[in-house]
Each structure stands twice: as C-alpha cells, then as structure tokens.
Amino acid sequence: MKKILSVMMILAMLMSMGSVALAEEEPQKITVMGLSWQITKIFIEEAAAQFEKDHPGVEVVIETLPDYASLPTYAVNWMNGETDVDVLLIGDANNAAQFVSRDLLYDFEEDLKFFEEEGFAKEDFLGVGLLDGTINDKQYGMPIICEAYAMNCNNAAMKEAGLWDEDRDAPVMPATWDDVYEYAKKLHKVEDGKVATQGAVIQWGSSTFATLIAAKQGMDGTIYDENGILSFESENFRKMLEVWQKGAKEGIFSKETYADNMAGRNSFKAGITSLLLETGGAFVEADVNLGPGTASLSCFPGGYENGSYGFSTVAIIPRATKSPKLAAQFIKEGLLGKNSQTGTLNVYGKMPALARYFENAELKDWQFLQVVANNSVCTPKYKGATKLSTELHPIIQSYLDEAITLDECMDKLQAVIDSMEKSAY
Amino acid sequence: MAKFQRSLSARQRTKARYGVIFVLPAFLLATVFMIYPLFASLYLSLTKYNFAFDTKPQFIGMENYVKAFQDSAFIDSIGVTAVYSVLYFVLVMLGGLILALMLFYAKGKTSVFRTAYFLPIVIPLSLSSFIFNWILQKNYGLLNYFLADILGVGSLTREWLSTNPWAMISIVVVSVWATVGFETILFLNGLQALPEDMLEAGIVDGATGFRTLFSIILPNLRETFAVTGIWAILQALKVYIVPSLVTWGGPGTATTVMYMYVYRQSFTYLEMGYGAALGFIMSILIMALSLLNMRISKKV
Amino acid sequence: MTQISISKVVKRARHIGLYILMAVIAFIMLTPIFLAMFNSVKLESQILSANMTFFPRSIHFDNYQYIFDRFGKFGAYFKNSLIVTISSVLLTIVFCSLGGYAFAKLPFRGRGIMLSIILFMMTFPLAVLLIPIYIMEYNLKLLNTNIGLILPCVATVVPFCLLIMRSVYIEIPDEIEEAATIDGCNVFETWMHIMLPASTGGLSIVTIFTFYNIWGEYMLSKTLVTRESAMTISVGVTLLKGEGGWQFGVLGAVVTLAMLPPIIMFMIFQRSLVSGLLSGAVKG
C-alpha cells in the first residue's frame with residue numbers, strides 16, 4: 001500500500017514537474033500585429049528579422065490590422081482563451097478598454113516584471129508614454145513611440161517675417177494665443193482672392209480634443225479642475241477661443257482640418273502652410289518633401305514650461321497568448337531596441353519611448369520636444385473617454401463658424417464632460 | 001369548360017409549386033446566414049450592453065427605442081440624412097434617366113460613353129472619396145487650383161468641405177458622381193426592353209419626341225422605376241462612406257448622417273444594444289420609404 | 001424634297017449636339033479618374049507642392065514600385081478576391097434568375113411576405129450585424145475562410161438582384177410564356193429556353209452589380225478575415241495606406257490598378273447589355 005502510495009506520489013510529482021517544464025517551454029513563434037504605418041514606421045520587419053537571427057528557432061510573424069473597428073472581435077477570441085496575435089499595437093489606449101475590463105491583458109509590471117531588467121526601469125521611459133499605457137494604475141500598455149503637440153514652423157517664412165529667435169537659432173516661442181494670431185497674420189498671404197500662403201493650421205478636425213488638451217495644459221499647466229476632473233473652464237481658455245474664432249473668420253487660421261486630419265500636415269509639407277499646430281513630429285515630413293532644414297519646432301503658448309498633449313502607440317499582450325515571455329522579450333529587443341527607436345525618430349519623426357535614444361537624434365528639435373513631452377499630459381482614462389474624440393470637435397467647429405456663442409460653447413463642452421462616465425475602467 | 005378550369009387550376013398549382021422551389025434557394029441564401037445575426041441584434045436592441053464594460057447584456061425592454069427618440073443628436077442626424085436623401089434621390093434619378101435616354105436615342109457607337117458613365121462605380125467608394133477629399137481641399141485641392149490658377153477667378157475659391165452649405169453639396173455631388181452610372185444602366189436596360197413598335201412612332205416622329213417620352217416611354221418604365229427608386233433610396237438613406245471620408249461629418253454636425261451615428265454607437269462607444277436599436281429604427285424608416293416607392297411606381 | 005433634306009440636316013445637327021453633350025459629360029465624369037491616374041506617376045513632392053499641375057511634368061513609377069515592393073502577399077489577396085467574387089457571382093446569377101422568375105410569373109402563397117422579408121434584409125444597416133455575424137462564424141469555424149466570406153457577401157447582394165430579375169421578368173409579356181406552355185414546355189423548360197435568353201440584359205446587370213459590389217466589399221471582409229492569407233484585395237489595398245490616410249500618389253496607383261478587373265468585367269458584359277435589345281425582338 002505504502003509502495004503504491006509513494007509510486008503515485010512520485011508519479012504525481014513527476015507529472016507536476018512535467019507540466020511546469022511544459023509551461024516554461026513556450027511555443028517559439030509569436031505574431032505581431034499593427035496598422036500598416038506602425039509596421040513601417042517602427043521598422044518592425046527589420047526588428048523581426050534581427051530577433052529571429054539572435055534567437056535561432058524563433059519565428060516572428062507580422063500581420064497587418066486594417067483598422068481598430070475590428071478590435072471587439074479580438075475580445076471575443078481572447079475571452080475564449082484563443083488568440084492568433086501575441087503582440088498587438090494600438091494607437092489609443094482607450095481602445096484597450098474592452099480588453100482591460102475583462103482582464104484579458106497582461107500587466108507589464110506585475111505579471112511580466114518588465115521594468116526589473118536593467119535599462120528598462122520606469123525612469124528610463126518618457127513619462128507621458130508610460131502614463132498613456134497606464135490603465136487602472138496598471139501598465140497594460142507598453143509605449144513604443146510617443147508624440148506631443150507643438151507648433152511646426154516653416155523656417156524660411158518665419159525668418160522672412162522676423163519671427164526667428166537668434167539666440168536659440170529656432171523659431172520664436174509664443175507666450176499667448178494672441179502671439180500665435182499675430183505670427184499667423186504676418187505669415188498669411190492672399191493673391192487674387194486665393195490663399196497663396198496659409199498663416200496657420202490648427203488641428204480642429206476629429207483630433208480637436210488633443211488640441212484643446214495641449215492648449216489648456218500649456219496655458220494653465222493643468223487640464224483638471226480642483227476636484228481632479230477634466231475641465232476646460234478658464235479665463236485663458238475663453239480668450240483663446242475668441243482668438244481662434246477671429247483668426248478662423250479672417251481665414252488666417254485655416255479650417256481645412258475639419259474634413260481631413262491630415263490636411264494641415266499635407267499643406268505644411270507642401271510648403272503652403274507656415275505654422276502647423278498639431279503633433280510635433282510633422283515638421284520632419286516637410287524636410288523630407290522639400291529638403292533638410294525646411295522646418296523646425298516651436299511650441300504651443302506656455303508649452304515649453306507647462307507641457308502639452310502627449311500620446312503614444314502602445315503594445316499590449318493578451319493573456320490568451322501561449323508565449324507571453326517571448327512576446328515581452330520581442331518588445332524589449334525589437335520594438336524598444338535601438339534600431340527601431342532611433343529609426344522611427346530620425347526617419348519618421350516619432351519620439352522614442354525610451355528617453356536614452358534622444359541622444360541619437362540628428363536634429364536638436366527633438367531635445368526641445370522631449371522637454372515639452374516631459375511635462376505633457378495624455379487623455380484621461382475615463383470609461384466614457386471615447387466621447388472626447390467624437391463630440392468635442394462639432395462644438396468647437398460650430399463656435400468657430402459663429403453658429404453658437406462663447407458661453408454656449410463652454411456650456412456644451414462642459415455638458416459633454418458631465419455626460420461622460422468618469423470612473424476608471 | 002369544367003375540364004378546362006380544372007386544368008387551369010392544375011397548371012396554377014404546378015406553377016405555384018415551381019414558384020416555391022425556384023424562390024427557395026435564393027431566399028435561403030439571402031436569409032439563413034442573416035437570421036441568427038438579425039435575431040441576435042433584435043435581442044441586443046432590447047438590452048443595455050456596452051461591449052467594453054458590461055460582462056453580459058442586461059434586458060431593459062424598449063428603453064433603447066424610447067431613448068432614441070429623445071436623443072437629439074440622433075434626430076439631428078435623421079434631419080441631415082433627409083436633406084441629403086432628397087437632393088441625392090432627385091439628382092441621381094434624373095441624372096440616370098437623362099443619361100440613359102441620351103444613350104438610348106444616340107444610335108450608333110455609344111459604348112465609350114457608357115463605359116465612361118459607369119466607370120466611377122467600379123472604384124471602391126472609399127478610394128474615390130479620398131480622391132474627392134483631396135480635390136476639394138482648400139489649400140492644395142484641384143478645384144481651387146483650377147478656379148484660381150487656370151481660370152483666374154480666385155474669388156470663386158471656397159473651403160468646399162468646411163463651410164455650409166458647400167459641405168452638403170459636396171457630398172451629394174460626389175455620391176451622384178459615384179453612383180449615377182449604375183442607375184443609367186438600369187434605366188437603359190428598361191428602355192431597351194420596351195417593345196420596338198411602341199417606340200417606332202416616337203423615334204420616327206422627332207417633332208413630338210418629348211410628348212412620346214412623357215406619354216409612352218416613362219409610363220412604361222414602371223418596373224424600372226420601382227427598382228431604380230429602391231436602389232436610390234437605399235443608397236441615400238444608408239449613405240456612410242462619402243460623408244465619413246469626404247467631409248468627416250462636418251462642419252459641426254452638418255453632414256453627420258444617420259448611419260454614421262449608428263456606426264459610432266456600435267463601434268466607437270461599443271454600445272451594442274443601443275446601436276442595434278438604432279439600426280432597427282433606421283431599417284424601418286428605409287423599409288417604409290421603399291414600400292412607398294413601390295406603391296407609387298405601381299400606381300403611376 | 002428640300003423639306004426632307006432640311007429636316008435631315010436638323011436631325012443630323014441634333015444628333016451631333018447630343019454626341020457633344022455626351023462627350024462633355026463623359027469628360028467631367030472621367031476627370032477625377034484621370035487625376036488619379038496622373039497622380040500615380042507623379043512624385044509625392046510634385047503632388048504636394050505650392051505650384052501643382054494637373055498633368056504630370058515628368059513620369060515616375062515610384063508609386064507602383066512602392067506597391068510592387070509590398071506585393072508579396074498580393075498574390076494571395078488577388079486569389080481570394082477572385083474565388084470569393086466569382087463564386088458569389090455564379091451563385092447569385094443562378095439563384096436570382098430562378099427566384100426572380102418565380103416572383104414575377106409564378107404566383108404562390110406567401111410570395112408577398114417573402115418579398116417583404118427580402119426587402120427588409122436590404123434595408124438593415126450591415127454594420128450593426130457585424131459582431132453577431134463574427135460570433136456566429138466563430139462558432140461555425142468559418143472565420144478566415146473563403147466560404148465564410150462568400151455566404152454573407154451573397155446574402156447582401158441577393159435581395160436586390162432578386163428585385164432586378166423580378167422586374168425584368170415582369171416586363172416580358174405573358175403571351176410568350178403561354179406560347180411556350182402550348183408548345184409543351186414545363187415550367188422549368190419555359191424558364192430555361194424562353195425566359196433566360198430573353199433576360200440577358202438583366203443577367204448582365206446582376207453580374208456587373210454583384211461583381212463590383214463583392215470585389216469592393218470592405219466591411220465584412222475586414223471583420224471576418226484577420227489573417228492576411230485569407231484577405232481579399234479590397235482590404236489588402238488599405239494596408240498600403242499611410243498614417244492618417246493615403247499618400248496621394250500611392251492612392252492614384254492603387255485606384256488605377258484596382259479599377260482594372262471590374263472594368264474588364266464591364267467591357268465584357270456591356271455588350272450583352274446592348275443585346276438586351278434581343279428581348280425586345282423576342283417580344284415583337
């Protein structure tokens with residue numbers, strides 16, 4: 001009897017050891033998925049090839065996601081414990097709400113001990129990036145590339161209009177929105193009734209919320225009220241809206257972003273627009289299109305001191321994956337590796353998530369933007385935060401088109417915030 | 001006599017039997033695959049179910065439907081859709097008919113023109129919307145360039161996509177451009193199916209051409225009008241891609257149509273229950289109009 | 001004598017006027033497409049430039065190069081599109097010409113209700129059904145397969161095609177059918193030998209409609225297919241899109257290439273559109 005028992009115990013032990021060993025033995029294949037531009041701009045194909053070379057026997061498959069509208073289908077899969085993707089890149093952490101609320105994601109800090117390795121401590125990252133991937137105080141999203149709102153300037157136009165700061169050898173920094181208006185007015189040129197040079201384009205399209213956050217943070221140093229709730233109400237903010245309306249009416253501030261988020265970037269890139277107030281990486285595109293030295297960076301009013309709006313593309317790892325460790329390792333060596341991080345900075349104008357790679361920047365504008373990014377805030381991780389990207393821009397647009405008054409505009413903005421579920425996920 | 005009647009009813013019965021057999025495969029193809037999703041949506045429409053935050057649907061009866069009629073943004077989007085639909089419907093029906101008549105009356109080689117009119121519809125609408133979004137841009141668009149730099153009338157340049165009423169006009173024009181070819185083909189087919197002797201008179205007697213058009217041709221196109229009408233109604237009320245990619249629903253909410261709002265509820269807010277309810281309301285609206293169209297084209 | 005020749009001149013003039021008008025409209029319709037084609041051979045810096053032009057100043061194939069560099073998977077996309085589209089077209093033609101005939105000429109009980117249900121299927125916004133369809137296909141293990149795309153695609157086009165075929169058959173006079181019955185044809189033979197040949201115009205419309213609709217179908221494809229090996233070309237081309245939108249030159253090249261198959265299809269079938277006149281001949 002004892003014998004049988006001991007044999008059984010040994011068997012059980014062996015079996016449990018076996019299962020432990022099996023758990024340790026992850027499948028050596030991972031699938032990385034992202035939008036096509038992310039795959040290009042983060043150099044994921046190169047990263048995958050290098051990773052396969054460094055770790056013989058490992059296979060990295062890259063799949064392209066057409067758009068984020070199909071994310072719920074991934075939740076369906078993951079709830080059933082299945083997945084055909086091990087690392088998924090998403091542009092807005094609010095897209096991850098459906099996964100987080102069902103506990104479908106690994107927490108990089110607790111579960112994967114991601115920050116314990118040297119060189120990957122929290123201090124090594126750009127703060128706003130980590131913040132954007134933090135949901136319910138957990139690190140569900142690992143920032144890969146970061147961006148911050150700033151003022152992209154056409155150098156030649158700025159110099160010609162006398163808006164060049166010789167000490168900094170860079171465009172002047174506006175102190176208030178009145179300054180931005182004055183600059184734009186000087187830069188704006190009309191010939192035969194048609195705009196020849198557009199003074200400024202402000203992102204008033206579907207990313208208007210980003211502009212509002214960037215502007216408010218720059219002017220007031222915070223986007224929250226005394227209770228810690230998102231609020232746009234302030235004297236500065238109201239003044240700014242009035243300046244915007246004046247500029248829009250005169251055509252100095254273009255409304256072309258209403259119908260296309262990229263319109264400003266495209267006309268800036270073409271050299272038609274002199275000031276572009278949106279993501280700070282856009283100036284690089286003008287350099288690519290029109291030659292190096294075409295454009296450089298200034299900031300939103302107060303942005304250099306108080307920061308701006310920051311956001312990042314984050315990687316998530318579903319709990320349904322059978323290779324979480326390999327996935328995390330690929331993020332570390334591949335996506336956060338030197339090649340991808342400096343490449344995306346110098347070629348595509350996306351800031352690296354790891355601060356140390358700023359040293360490899362070829363343009364000094366990046367150190368400038370790093371300062372801006374360091375103080376920046378991201379969208380509040382509220383349950384109802386998706387409303388920010390759908391309901392704010394029609395209100396701002398109606399105000400700019402003089403369909404509603406300033407008070408009505410502020411009330412409507414407040415009403416959206418009030419109607420949002422502000423609890424965490 | 002009795003024998004004849006019996007054989008007639010026997011034939012009638014055979015016909016009915018064949019009718020069912022003939023219809024069934026198509027009917028099943030159209031419905032079977034959709035039955036589950038439709039019933040699932042019907043159930044969801046009676047529940048509160050936010051896909052992001054609710055673990056499972058919670059039954060709330062008709063609340064979503066009540067909510068829909070108090071949702072001013074949804075009502076607004078119906079209003080926008082109505083304006084768009086009237087403009088689009090009239091233009092695409094008239095345009096299609098006129099183009100078809102021109103092709104019909106022009107004896108001789110018309111295949112080049114036919115292809116030209118039809119071509120826009122083979123380009124996926126999402127791609128042609130991007131092209132027009134670019135053409136109509138203020139600062140680097142083709143239209144303003146054409147007006148200012150080629151014709152020299154810079155004062156006519158506009159912000160086509162971000163001012164009223166040009167944004168609405170833009171999406172109507174783009175939609176008509178993209179779809180009028182198919183209406184043309186449908187009308188052309190209807191015209192060509194008309195008995196030749198009926199037309200002979202009209203074509204030979206050029207002087208009364210317009211009268212033959214109104215007294216002979218159009219009344220005999222009834223069935224064609226039923227089909228083209230339904231198609232135009234569907235295209236009009238289910239419009240989604242053009243306003244989302246050409247004007248992005250702006251300025252303000254001036255071109256935010258019903259389908260965009262429904263899509264936003266389902267896929268941006270992930271309010272599956274409410275989105276499904278809005279879907280059913282939308283569907284009933286379209287259904288009512290389609291039936292009305294069938295009635296009218298039958299009676300006229 | 002002179003009167004006749006004058007009226008002939010007037011007629012000729014009117015005819016030429018008609019042709020000129022048709023040509024002008026055709027030119028307007030084609031301008032955006034030409035623009036896309038011209039853009040496809042420009043460089044990005046020529047398109048986005050303060051002094052832009054409609055015609056390309058010089059011809060570059062960089063955009064096509066961009067596409068062909070990423071073309072590795074396009075073979076698979078193309079194959080999938082072809083399989084999905086052609087099987088859908090075949091299914092739709094066969095069953096809709098049968099069903100349309102029944103709706104038009106073979107009265108049976110429940111016809112009205114069936115027609116209403118079919119109408120309802122057309123009106124429902126597909127977007128709302130996407131997640132339920134996904135869950136159903138997930139359970140049936142049809143995701144990432146061609147058949148899993150064919151079935152819902154066919155379901156979206158069949159209702160309207162039934163209506164087209166119904167209207168075509170209704171317009172065919174009953175006498176022809178009766179003549180066939182007297183000749184001893186049963187219902188199936190009547191359909192096969194009399195009705196089908198008389199409806200070539202309608203059939204080509206159905207073919208064209210189904211082809212361009214399913215070839216360009218996007219919403220279902222991107223939801224039900226997540227692996228690139230099962231993707232169709234309509235979703236595949238969107239993977240060439242850059243951040244925030246298209247590069248205009250690449251878009252031009254994509255449009256130029258994407259137009260080709262449906263245009264070829266149209267060229268083939270528009271001939272039988274003309275021979276739709278045949279149905280008139282049968283009637284006469």
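Colleague: How many helices and how many strands are there in chain C?

Modeller: Keep in mind that this is a predicted model. Running from the N terminus, the elements of chain C go α-α-α-α-α-α-α-α-α-α-α-α-α-α. So the tally for chain C, with helices counted as DSSP runs of at least four residues, is 14 helices and 0 strands.

Colleague: And what does the secondary structure of chain B come to?

Modeller: Chain B has both kinds of element. Its count is 13 helices and 2 strands.

Colleague: Is chain B compact or spread out, going by its radius of gyration?

Modeller: For 300 residues the globule rule gives 19 Å. The C-alpha trace of chain B spans about 70 × 65 × 30 Å along its principal axes. Chain B has a radius of gyration of 24 Å, well over the rule's value, so chain B is more spread out than a compact globule.

Colleague: What radius of gyration does chain C have?

Modeller: Its C-alpha trace spans about 75 × 70 × 30 Å along the principal axes. A compact globule of 284 residues would come out near 19 Å. For chain C the value is 24 Å.

Colleague: Which helix of chain C has the lowest confidence?

Modeller: Overall, chain C averages a pLDDT of 85, and 94% of the residues score at least 70. At the top end sits helix α7 (residues 147–170) of chain C, with a mean of 93. At the bottom, with a mean of 38, is helix α14 (residues 277–283) of chain C.

Colleague: How many contacts beyond four places in sequence does the model have for residues 276–284 of chain C?

Modeller: Over that stretch of chain C, pLDDT stays under 50. Where pLDDT is low, the predicted coordinates shouldn't be read in detail. With that caution, the number for residues 276–284 of chain C is 16.

Colleague: What share of the contacts in chain C, between residues at least 6 apart in sequence, join residues at least 24 apart?

Modeller: A contact here means heavy atoms within 4.5 Å. Among the contacts of chain C that meet the 6-residue separation, the share joining residues at least 24 apart is 75%.

Colleague: How far apart do the centres of the positive and negative side chains lie in chain B?

Modeller: Chain B carries 21 positive and 13 negative side chains. For chain C the counts are 19 and 14, with centres 7 Å apart. In chain B the two centres are separated by 14 Å.

Technical notes:
Residues are numbered from 1 along each chain as its sequence is written. Chains are lettered from A and ligands numbered from 1 in the order in which they are written. This is a predicted model: local features need pLDDT of at least 70, side-chain atom pairs count only at pLDDT 80 or more; totals for chains, interfaces and linings use all residues. Side-chain values use heavy atoms; hydrogens and water are left out. The radius of gyration is taken over C-alpha atoms; the globule rule is 2.2 Å times the number of residues to the power 0.38. Lys and Arg count as positive and Asp and Glu as negative; His and the chain ends are not counted. The place of a charge is taken as NZ of Lys, CZ of Arg, CG of Asp or CD of Glu. pLDDT is the predictor's confidence in each residue, from 0 to 100.
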